[in-house]
Amino acid sequence: MRSLRLGPVTSPLRHVLCLGAHCDDLEIGCAGTVLQLTEEPNPPAFTWVVFTSDARREAEALASAEALLGRASQARIIIQKFRDGFLPYEGSVVKESFEELKSEVSPDLILTHYRHDLHQDHRLISELTWNTFRDHLILEYEVPKYDGDLGAPNLFVPLDESLARRKIDAILKGFPSQAGKRWFAEETFRSLLRLRGMECNAPGNYAEAFYCRKLVVG
């Protein structure tokens with residue numbers, strides 16, 4: 001499949017904003033893409049924001065983000081403490097945190113949840129991303145779940161076997177608190193990467209997929 005780089009070599013990505021409702025969402029949705037960006041000759045800075053956590057999950061999320069962003073030019077990690085599953089019911093306070101974030105960062109790329117995600121927390125974060133950042137490139141990642149809301153994404157980031165393995169390891173080793181859940185398995189994450197790799201004819205067989213709703217080429 002014909003590929004298109006995000007920006008010319010003379011105008012690389014400088015700052016990436018990563019937004020996740022829950023502590024492992026970013027790893028599940030876009031860890032491979034993040035790892036690939038950090039390995040560019042001039043890697044961007046990252047602002048990494050997780051909105052819900054408790055003490056154990058916060059520690060996992062912080063350690064995981066630090067490991068993933070180890071080669072970034074700069075990394076700021078923010079772990080909020082909103083209640084899992086209740087983000088829509090705390091909407092005004094969550095919106096205020098977005099407004100504060102907007103005053104602090106001006107990213108070239110934003111990675112956030114899929115607009116039609118069936119988890120209420122994910123959906124709110126996606127809505128507030130678009131409400132808040134009105135002149136930015138936004139890519140929406142996918143998170144597989146019981147609800148069965150996987151769609152037909154239109155933007156793919158090919159991954160080789162090494163990056164696919166590192167992404168899966170980051171999820172499985174980074175979040176032991178989730179180990180007892182039936183969906184939390186290597187097969188889940190590898191199968192989705194393989195499916196998306198097939199859909200974009202990825203040379204290394206694996207890919208992460210995103211929804212790109214607006215893109216200016218020029």
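What share of the contacts in the protein with a separation of 6 or more is accounted for by residues 24 or more positions apart? In this predicted model, such residues account for 79% of those contacts.

The secondary structure comprises six helices and seven strands, and along the sequence these elements follow the pattern β-α-β-α-β-α-β-α-β-β-α-α-β. With a radius of gyration of 16 Å, close to the 17 Å that the globule rule gives for 218 residues, the protein is as compact as a globular protein of that length. The C-alpha trace spans about 45 × 40 × 30 Å along its principal axes, and 50% of the 218 residues count as buried. Of an accessible surface of about 11,000 Å², carbon and sulfur atoms contribute 51%, while the mean positions of the 26 positive and 31 negative charges lie 3 Å apart.

Searching the whole structure yields six aromatic pairs, among them the two in the table.

| Pair | Centre to centre | Angle between planes | Class |
|---|---|---|---|
| Y114 and Y211 | 3.9 Å | 10° | stacked |
| W183 and F184 | 5.4 Å | 85° | edge-to-face |

The pair of Y114 and Y211 links distant parts of the chain, since Y114 sits in the loop between β4 (109–113) and α4 (120–132), whereas Y211 belongs to strand β7 (residues 206–212), 97 residues apart. Both of these tyrosines, Y114 and Y211, are buried. In the other tabulated pair, W183 counts as partly exposed at 33% relative accessibility, whereas F184 is buried, with a relative accessible area of 8%. Ring pairs join W183 and F184 with F189 in a cluster.

Notes:
Residues are numbered from 1 along each chain as its sequence is written. This is a predicted model: local features need pLDDT of at least 70, side-chain atom pairs count only at pLDDT 80 or more; totals for chains, interfaces and linings use all residues. Side-chain values use heavy atoms; hydrogens and water are left out. Helices (H or I, at least four residues) and strands (E, at least two) are DSSP runs, numbered from the N terminus. The radius of gyration is taken over C-alpha atoms; the globule rule is 2.2 Å times the number of residues to the power 0.38. Buried means under 20% relative accessible area, exposed over 50%, partly exposed in between (1.4 Å probe, protein chains only). Contact means heavy atoms within 4.5 Å. Accessible areas come from the Shrake-Rupley method with a 1.4 Å probe; for residues, only the protein chains shown count as cover. Lys and Arg count as positive and Asp and Glu as negative; His and the chain ends are not counted. The place of a charge is taken as NZ of Lys, CZ of Arg, CG of Asp or CD of Glu. Rings of Phe, Tyr and Trp (its six-membered ring) pair if their centres lie within 6.5 Å; planes under 30 degrees apart count as stacked, over 60 as edge-to-face and the rest as tilted.
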